[in-house]
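Here are some notes on the charged and aromatic side chains of this structure, set out point by point for checking against the coordinates.

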Amino acid sequence: MVPRAPAVFLVLLVVASVATPVAASAVAPTRSAQQTTPTETPTPVAENTTFYVQIQPNGDARWTITDTYALEDQNDTRAFESLAQEYVDGETDTRWEAAFREANERATAATGREMNLTGMSRDYVVNERRGTLILEFTWTDFATVERGRLVVGDAFETPEGTWFRSLSENQQLVISAPAGYGVQNSPPRTAVIDGELRFEGPRTFEPDYLEIVYTGNPDRSPTDTPERPAGLFGNVPFWFGAVLMLVVGLVVAVGYINWQGNLDLPPAGASGTDTGGGDGGGAAGAVAGGVATDGADESDTAAASDDAEDEETDVTLLSDEERVERLLDRNGGRMKQARIVRETGWSNAKVSQLLSAMDEDGRIDKLRIGRENLISFPDEDVTEIDE
């Protein structure tokens, strides 16, 4: 008996996108594709599709499109892996690439601004009985840059109206602000969460609806983190201020006791066993010892406190790249991509895009091992992995 899954996923990789709103509005299926589609096998529908758009400070937009499918058994998994590898190798297509190239050409005609699709890459991930096809590319000059402002909107338009007309059920569009920018204006009744605008299907979009204005500091580096607020002593470390206060307090206390004449200090070089000043010498020794001991204890405590603070750094103060590097550092310098998704709680699309950018910048290495990606620091020995 012929396995069900291979036939299903073959149809998926050839025509899955034809029925989706973006592909349907951006490029129509060819006659040959209509004639060769097996009519006896229903076209599978993606469990969910995400269009993730990361706006860049220079106006470019990095798109990541993920189609996720449920894999019910080993036959489904093997069929998906085989055909997904063909997709990565360019031997078959989900038609997203052709659809967006058509949309890019029509948006260029509408805006009069030269825009291109660059850095096109394909990948796939299999984990927890789900398979995900990933397409990534950069849409250049997607937003206009105006004196510290980024305006998104006209790239969604064509001479006939918007090319991004709708989202079907289980589809979502996520548009993320560039580093150092905040949302000034956004479409009506749209919440902004952590710099991201989310649009859930099913829904339609009217022309000019997807208009977003960002304002911020274009010179801020993506790895910049907010400065720690100044304390009582300015920006000096907390433990230094605590020790300084302790020393000042002890000096005032000793001065007060001497002024009252309640402490007889022995002459220099006097023995602690002298009958005249023995008690006084003992008290002086105790005070001196207290200064040294308390100071040392306070320094040790403050140092320990500082170390603990470093260990418990608020992750909200870290950039996404720093969070990934922190996870790698805590896991011996290498992790599987699926585990990074679980640890951060981010979507597959966001993690895939982030890791691709970090790989291009030389901050990490991506290595395909079987059906998963292994993420590691550059020059890390990845011959063994215990995950």
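1. The structure, which is a predicted model, holds 13 salt bridges. Side chains of opposite charge can pair when their charged atoms come close. Three of these pairs are taken up in the points that follow, and the aromatic pairs and a charged surface patch come after them.

2. Glu97 and Arg101 meet through their side chains in a salt bridge, at 3.3 Å from N to O. Both residues belong to helix 5 (residues 96–111), and because they are four residues apart there, about one helical turn separates them. Glu97 counts as buried because its relative accessibility is 18%, under the 20% limit, whereas Arg101, with a relative accessible area of 35%, is partly exposed. The pair is also part of something wider, since a network of salt bridges links Glu97, Arg101 and Arg122.

3. A salt bridge also joins the side chains of Asp320 and Lys350, with an N to O distance of 3.5 Å. This pair links distant parts of the chain, as Asp320 is in helix 8 (residues 320–330) and Lys350 is in helix 10 (residues 348–360), 30 residues apart. Asp320 is partly exposed, its relative accessible area being 29%, while Lys350 is buried at 16%.

4. Between Glu372 and Lys336 the closest N and O atoms of the salt bridge are 3.7 Å apart. Here, too, distant parts of the chain are linked: Glu372 lies in strand 18 (residues 372–376) and Lys336 in strand 16 (residues 334–336), 36 residues apart. Glu372 has a relative accessible area of 21% and is partly exposed, and Lys336, at 24%, is partly exposed as well.

5. Turning to the rings, the count comes to 22 aromatic pairs. Among them, Trp63 and Phe137 are stacked, with 6.2 Å from centre to centre and 10° between the planes. Trp63 lies in strand 2 (residues 61–70) and Phe137 in strand 4 (residues 130–139), so this pair ties together parts that are 74 residues apart in sequence. Trp63 counts as buried, at 0% relative accessibility, and Phe137 is likewise buried at 0%.

6. The rings of Phe205 and Tyr209 have centres 6.1 Å apart and planes at 40°, so this pair is tilted. Both Phe205 and Tyr209 are buried.

7. On the surface, Asp359, Glu360, Asp361, Asp365 and Asp379 form a negative patch. One of these residues, Asp365, is found in strand 17 (residues 365–369) and is partly exposed, with a relative accessible area of 32%.

Definitions and conventions: Residues are numbered from 1 along each chain as its sequence is written. This is a predicted model: local features need pLDDT of at least 70, side-chain atom pairs count only at pLDDT 80 or more; totals for chains, interfaces and linings use all residues. Side-chain values use heavy atoms; hydrogens and water are left out. Patches are made of residues with over 30% relative accessible area and no salt bridge: like charges are joined within 9 Å, nonpolar side chains (Val, Leu, Ile, Met, Phe, Trp, Tyr) within 5 Å. Accessible areas come from the Shrake-Rupley method with a 1.4 Å probe; for residues, only the protein chains shown count as cover. A salt bridge is a side-chain nitrogen of Lys or Arg within 4 Å of a carboxyl oxygen of Asp or Glu. Lys and Arg count as positive and Asp and Glu as negative; His and the chain ends are not counted. The place of a charge is taken as NZ of Lys, CZ of Arg, CG of Asp or CD of Glu. Helices (H or I, at least four residues) and strands (E, at least two) are DSSP runs, numbered from the N terminus. Buried means under 20% relative accessible area, exposed over 50%, partly exposed in between (1.4 Å probe, protein chains only). Rings of Phe, Tyr and Trp (its six-membered ring) pair if their centres lie within 6.5 Å; planes under 30 degrees apart count as stacked, over 60 as edge-to-face and the rest as tilted.
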